[in-house]
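Open the model in your viewer and keep the selection panel at hand. The tour goes stop by stop: select, look, move on.

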Amino acid sequence: METLPFLLPAVLAFAGWIWGERRRRASETELRRTMQLFEVSLEMNSTIRKQDLLRKIMETSARVLHAEASSVILVDREKGELYFELATGSKGEEVREIRLKMGEGVAGWVAENGQPVKIDDASQDPRWSSKVANRVDYATRNLLCVPIFSKGAVIGVLQVLNKRDGKAFTDRDVKLLESIASPTAVSLENAMLYDALEKSMAALKETVAAKERMESELRIAQRIQMSFLPKELSWKKAASALWQEPDVSAALAGDQVGTDDHRPADRFAAEVHALLRPAREVGGDFYDYFRLGERELFFALGDVSDKGIPAALFMAMIMTLIKGRMSEGMSPGELLTEVNRELYKDDSTMFATIFCGVLNAESGTLTYSEGGHCTPYVLRRDGGLAPLAARKHLPLGVMDDTVYSDHETMIESGDRIVLYTDGITEAEDRSGRQYGSHKLQTLLELLRGADGPGVLEAMLGDVDRFADGAKQFDDIAIMTLEKK
C-alpha cells in the first residue's frame, strides 16, 4: 500500500501521455486530411476544361478515399436524368450511353433526395441498380455517394466504389467525400460554363464559315445566272454557250441591275433593252432574246414562282429549253407547249409565268403567246398605249397537256413593246400598298418620247420612289423592244 502514492503519479503521467498521443495522432490525421483537401482544391483549380476536371475529380477522389474506382454523374435537369459525361476504360463509350432517371439506383436516389449514402453491401441495398455494373462487368461491393450542390440545387453526384484491402467505408469517409464535393461544385460549374462558351464559339465559327461559303457560292451563282442573260442582240447560240464566263461588271453595277443596250453591227431593224434586279443574290425572273434568220427577233420574259437558288435553277432549265427548242419557223405557242411538256416531266413543285413572241422586223408582224404572265403594253409612236391582249393560259410546269395558242398584231416603226414581271406592279411601300397596274399605265403614258434605256430607268426609278425604302421582296425584270 505504501507504493500506491508512488504509482499514482506514474499512472496519471502515462494516461496523460496516451491522451496526448491520441490528440497528436488526431491532429496529424486532421492535418493530413486538411492537406488532402488542400491538394484536392489545387487539383480542382488546375484546369477549366470539363473533361480534364472530371478526370481529376475521379482520380483524386479514388486516391484520397483509398477506393478502387470513382465516378461523377451529372444531372440533366431538362430531361430529369443522370448521365456520365466522362467514362474511362475499354467500355467507356457504352457507359456514356447509359442514362439514369431521377430516383433510379443509388446515384438517382442521392440526386433526388440531396442526401449522402454509405452502403456496405451493394447487392443487399434495395436502391442498388446494376445497369452500369452489368454493362462494364464490374462487381461493386461497397460504395459512397454524395450530392454535388451548386446554388442550392444538385448538379450531380460523386461516388467512390470498393474500399481497398477489403475494408468498409466509414462515416469519416462520408464527411471527407462531402468535403471533396464542395469545391468540386464550384470548379465543375465554372468548367460547364467554359465548355458551353467553347461550344458557342465553335458554333459561331462554323456559322461564320458557312455564311462565308454561302456568300461565295451565291456570288458564283449570281455570275452564272447573269451569264444566261443576253448581252447583245445576236444570232441564237447553242445552250452550251450559256456556261461561258460572263463579264458582269455592267450587269451587276449599282443595285444589282443588269442592262443590255448593244446594237447589232448589221443595223437590224429592231432594238432590245432589258434589265434584271433580283430581290436576293439570285432569283427567278429571266429574259432572253435573239435573232431567228434574217428578219425575225425572238424574245421572252418570265417569272419563276419561287425565290433564291431553287428559282434560279428552274430559270436556267427554262432558258436552256428555250435556247434548245426555238427555231426559225416555230411559233411562240408551239415553243411554250413543248417547253411546258418537258418541265412537267421534271416533277417540280415550281412553275413559271412567261410571255414570248417573234417580231418580224421588216413587216412588223408580231406573233406572241403567254403563260399566266403580266399583260405587256405597246407604246404607239402616235402616243397611244395599248395592252397586248392574249388568251390566258396556265404557267409553265402546271399541267403537261396544256396547249398554248398564238396571237398576232402589227407593230409599226417607232412603236415600243414594254414587258415586265410582277415585281413592278406588286412592289409595296412602307404601308403595304402595291404599286399596281394603273400607276404603271399612267407612267408609261408619260414616257412616249423616251428611248429604251430611258423607259427602263424611269420604270425602276418610279417603283423605288413609291417603295420609299421598303424592302424589295420580289425580283424585277423589264424589257423593251422597238421596231425601227
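## A surface stop to begin

Select Leu-197: with a relative accessibility of 49%, Leu-197 counts as partly exposed. One reminder before going on: this is a predicted model. Leu-197 sits in helix α6, which covers residues 171–228. Now add Met-201, Leu-204 and Val-208 to the selection. With Leu-197 they make up a nonpolar patch on the surface. Together the four have about 350 Å² of accessible area.

## Zoom out

Show the whole chain as a cartoon. The protein chain has 12 helices and 17 strands. How many of the 484 residues, as a percentage, count as buried? The figure is 46%. Switch to a surface view. The chain exposes about 25,000 Å², and carbon and sulfur atoms supply 52% of that area. Contacts come next. Take those with a separation of 6 or more: residues 24 or more positions apart account for 67% of them.

## Into the cores

Hide the surface. Select Tyr-289, Phe-298, Val-304, Ile-318 and Met-479. These are the residues with the most contacts inside the largest nonpolar core, which has 54 residues. Which helix gives the most to this core? Helix α8, residues 308–325, with eight residues. A second core is separate and has 25 residues. To find it, select Leu-86, Leu-144, Leu-176 and Leu-177, which are among its members.

## Helix α8, end to end

Go back to α8 and check its length. The helix has 18 residues, so at 1.5 Å a residue the expected span is 26 Å. Its end C-alpha atoms are 26 Å apart, which agrees. Next, colour by burial. The buried residues of α8 include Gly-308, Phe-314, Met-315, Ile-318, Leu-321 and Ile-322. Lys-323 is also on the buried list.

## Two buried positions

Select Gln-159. Gln-159 lies in strand β6, residues 153–163. Is Gln-159 buried or exposed? Its relative accessibility is 11%, so Gln-159 counts as buried. Expand the selection to its contacts, leaving out residues up to four places away in sequence. Gln-159 touches Ala-69, Ser-70, Ser-71, Ile-73, Ala-107, Leu-144 and Cys-145. You have met one of these already: Leu-144 belongs to the second core.

Move to Val-64. Helix α2 spans residues 50–64, and Val-64 lies in it. Val-64 is buried because its relative accessibility is 9%, under the 20% cut-off. Draw a distance from its C-alpha atom to that of Asp-173. The separation is 9.3 Å, although the two residues are 109 residues apart along the chain.

## Salt bridges

Side chains of opposite charge can pair when their charged atoms come close. A search of the whole structure finds 19 salt bridges. Visit three of them.

- **Glu-68 and Arg-141.** The closest N and O atoms are 3.3 Å apart. Glu-68 is in strand β1 (67–76) and Arg-141 in the loop between α5 and β5, so the pair ties together parts that are 73 residues apart in sequence. Glu-68 is partly exposed, at 36% relative accessible area. Arg-141 counts as partly exposed too, at 37%.
- **Asp-429 and Arg-433.** Here the closest N and O atoms are 2.8 Å apart. Asp-429 is buried, with a relative accessible area of 7%, whereas Arg-433 is exposed at 54%.
- **Arg-465 and Asp-462.** The closest N and O atoms are 3.6 Å apart. Both residues are in helix α12 and three residues apart, so about one helical turn separates them. Arg-465 counts as exposed at 57%, and Asp-462 as buried at 15%.

Now select Glu-271, Arg-416, Glu-482 and Lys-484. Salt bridges that share partners join these four into one network.

## Last stop: Ala-450

Keep Arg-416 selected and add Ala-450. Where is Ala-450 placed? Ala-450 is in the loop between α11 (436–445) and α12 (452–467). With a relative accessible area of 23%, Ala-450 is partly exposed. Leaving out residues up to four places away in sequence, Ala-450 touches Arg-416 and Val-455. Arg-416 thus appears twice on this tour: in the salt-bridge network and as a contact of Ala-450.

Definitions and conventions:
Residues numbered from 1 in each chain as written. Predicted model: local features only at pLDDT ≥ 70, side-chain atom pairs only at ≥ 80, totals over all residues. Heavy atoms only, no water. Helix = DSSP H or I, 4+ residues; strand = E, 2+ residues; numbered from the N terminus. Buried < 20%, exposed > 50% of the residue type's maximum accessible area, 1.4 Å probe, protein only. Contact = heavy atoms within 4.5 Å. Core = buried A, V, L, I, M, F, W, Y, C linked by side-chain atoms within 4.5 Å. Expected span 1.5 Å × (residues − 1). Salt bridge = Lys/Arg side-chain N within 4 Å of Asp/Glu carboxyl O. Patch = residues over 30% accessible without salt bridge, like charges linked within 9 Å, V, L, I, M, F, W, Y side chains within 5 Å. Areas by Shrake-Rupley, 256 points an atom, 1.4 Å probe, with all protein chains shown as cover.
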